[in-house]
Amino acid sequence: MSNYVSDFMSEVIAKNPAQPEFHQAVHEVVNSLAAVLEKHPEYCKAKILERIVEPDRVFMFRVPWMDDAGEIHVNRGYRIQMNNAIGPYKGGLRFHPSVTLGILKFLAFEQVFKNSLTTLPMGGGKGGCDFDPKGKSDNEIMRICQSFMGELFRHIGPDTDVPAGDIGVGGREIGFLFGTYRKLRNEFTGVLTGKGLEWGGSLIRPEATGYGAVYFASEMLTTRNQTLEGKTCLVSGSGNVAQYTIEKINQLGGKAVTLSDSNGYVYDPAGIDGKKLAFIMDLKNVRRGRIKEYADKFKGATYTPFAINQDHDPLWTHKADCAFPSATQNEINGKDAKNLVKNGIYVVAEGANMPTTAEGVDVFIDAKILYGPGKAANAGGVATSGLEMSQNSMRLSWTREEVDQRLHQIMKNIHKTCVQAAETYGTPGNYVNGANIGGFLKVARAMMEQGLV
Ligand code: NDP
């Protein structure tokens with residue numbers, strides 16, 4: 001089996017050159033599947049792995065737009081429709097200068113397994129644009145969204161592909177994207193999730209990824225008869241996921257002490273309480289400022305800028321119990337993971353997608369800490385997007401409590417699936433294997449039953 005896996009990986013690398021994040025994501029999944037493939041040789045025969053790493057299709061397109069000074073810019077847009085064996089393609093749109101085909105392919109690939117874990121009928125997709133939203137006016141953001149949707153609208157639809165937000169795409173951007181789709185198609189449908197509450201959005205969708213990651217951490221703690229009460233938590237990022245992670249940590253009696261953006265991080269040993277969080281939400285979501293301002297505002301908090309080419313992230317060097325990486329991919333390397341374990345962290349719940357490098361993952365697994373990988377721990381966001389789609393189809397809105405309850409139950413179910421799959425296939429307590437196997441089996445069975453297409 002190890003030959004099969006290494007031959008398979010060599011082929012993936014040769015066929016998809018210069019896409020290291022995609023190789024990393026595929027390698028992690030395939031590594032987890034050895035025991036499954038031994039038990040189910042029919043999946044090898046049907047070339048399920050070879051088929052699942054090949055997107056159904058990829059759209060790549062020009063995104064021209066004009067800035068406020070009248071200058072023309074040309075960015076590149078993408079949508080990866082990875083796999084729709086169990087439902088319409090579903091996955092976010094990312095606007096960030098680091099967006100490339102390889103980054104979006106890794107995200108779309110992860111999304112297939114994540115969506116399968118939610119138990120809802122959703123396939124996997126991802127898209128985005130290499131546009132940098134930092135410092136842009138609302139009008140510039142509107143024009144880029146209109147230009148992006150001016151091509152994307154041909155390829156999506158409520159039963160085909162339903163995008164959502166991701167880094168750089170929040171409520172404001174979803175509004176501009178939806179408005180353009182509605183005009184071009186002359187139809188009002190649930191084609192995007194993360195919509196405004198008065199035009200088809202779901203309560204709890206903005207909170208869902210962060211809340212879900214904390215629910216997942218709580219479930220992991222339950223296996224050791226513990227709760228989040230009194231636990232100190234490191235959180236990275238300061239966007240959507242980080243903000244609601246902190247809100248839920250506070251609600252459950254924990255204490256979050258860090259936050260970051262791409263320039264640096266703040267450490268506040270007194271804890272980021274509700275009042276301080278309200279400041280962050282205004283700073284990041286309304287004034288669109290930088291996290292540095294937090295340390296100017298609150299006594300006792302310190303700001304540390306990130307050094308260029310630093311070999312480790314100083315945010316991960318503080319003593320704590322839990323870590324919630326909520327910024328971006330590969331933000332915890334091997335050295336960071338060692339620092340975390342050394343400083344007493346024994347719960348890691350990934351709000352971001354693939355925030356830990358392969359080396360870092362090995363450190364967590366070897367240390368036998370409670371390590372919840374992103375495709376399980378951050379699935380609450382897409383799960384609640386699935387709930388938004390259901391409400392749109394039924395043309396009704398559930399209450400806040402109802403959506404939150406469903407989200408909580410889904411996170412418990414995902415946790416249970418991970419635990420059971422890891423146990424069944426001989427690696428109890430390994431959530432990485434549990435999530436990959438649990439997510440894979442449902443998609444593989446669907447692909448087998450639907451024939452060679
Ligand atoms: P936001 O754009 O709201 O926030 C992203 C945060 O991460 C910002 O603080 C940003 O800082 C920081 N960040 C982005 N890129 C980098 C980088 N290269 N280095 C350091 N910091 C960076 O995005 P979200 O909160 O929505 O997403 C965060 C993560 O969670 C991503 O990995 C995303 O894929 C994942 N995720 C999001 C879901 C959602 O529902 N939104 C669902 C599931 C996963 P700055 O302001 O400087 O850019």
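How many bridges join strand S6 to strand S11, and do the two run parallel or antiparallel? Before I answer, please keep in mind that what we are looking at is a predicted model. In this model 3 bridges join S6, residues 232-235, to S11, residues 322-324, and the two strands run parallel. One place to find this pairing on the screen is Val235, which stands opposite Phe324 in S11.

Helix H10, residues 240-251, packs on the sheet there, touching S6, S7 and S11, and its direction makes about 175 degrees with that of S6. If we now step back to the whole sheet, we see 5 strands in the order S7-S6-S11-S12-S13, forming an open sheet with parallel pairing. Strand S7, at 255-256, and strand S13, at 370-372, each have a single partner strand and stand at the edges, so one side of each is left without a neighbour in the sheet.

Let me turn to the other sheet I would like to show, which is also open and has 5 strands, here in the order S1-S2-S4-S3-S5, with mixed pairing. Its edge strands are S1, residues 57-66, and S5, residues 161-164, each of which pairs on one side only. On average, and with direction ignored, neighbouring strands of this sheet are turned by 20 degrees against each other.

As a general reminder, strands of a sheet pair through backbone hydrogen bonds, and they do so either parallel or antiparallel. S1 and S2 pair in the antiparallel sense over 10 bridges, and one residue pair to look for is Phe61 with its bridge partner Gly77 in S2. These two strands form a hairpin with 5 residues between them, and in the turn Gly70 has a positive phi of about 90 degrees. On to the next pairing: S2, residues 72-83, is joined to S4, residues 123-129, by 6 bridges, and these strands run antiparallel. Within that pairing, Asn83 has Gly124 of S4 as its bridge partner, while Ile80 stands opposite Lys126 in S4.

That leaves the ligand, and which residues come nearest to it? There are 26 residues around the ligand, and of these Asp166, Thr209, Ser262, Arg290 and Asn353 come nearest. By character, the shell divides into 4 nonpolar, 14 polar and 8 charged residues.

For those of you who think in terms of individual contacts, an oxygen atom of the ligand is 3.0 Å from a polar backbone atom of Val241, and a ligand oxygen is also placed 3.4 Å from an N or O atom in the side chain of Lys284. With Ala327 the partner is again a polar backbone atom, at 3.5 Å from an oxygen atom of the ligand. Taken alone, the ligand exposes 890 Å², and the protein buries 84% of that. The elements that give two or more residues to the shell around the ligand are helix H9, residues 205-222, and H10, and H10 is the helix we met earlier, packing on the sheet against S6, S7 and S11.

Technical notes: Residues are numbered from 1 along each chain as its sequence is written. This is a predicted model: local features need pLDDT of at least 70, side-chain atom pairs count only at pLDDT 80 or more; totals for chains, interfaces and linings use all residues. Side-chain values use heavy atoms; hydrogens and water are left out. Two strands pair if DSSP finds at least two bridges between them. Helices (H or I, at least four residues) and strands (E, at least two) are DSSP runs, numbered from the N terminus. Contact means heavy atoms within 4.5 Å. Axes are lines fitted to C-alpha atoms, for helices over the stretch in contact, and angles run from 0 to 180 degrees between N-to-C directions. A residue is near a molecule or strand if one of its heavy atoms lies within 4 Å of it. A polar contact is a pair of N or O atoms within 3.5 Å; within protein, one must be able to donate a hydrogen and the other to accept it, and residues adjacent in sequence count only if both atoms are side-chain atoms. Accessible areas come from the Shrake-Rupley method with a 1.4 Å probe; for residues, only the protein chains shown count as cover. Ala, Val, Leu, Ile, Met, Phe, Trp, Tyr, Cys and Pro count as nonpolar, Asp, Glu, Lys and Arg as charged, and the others, Gly among them, as polar.
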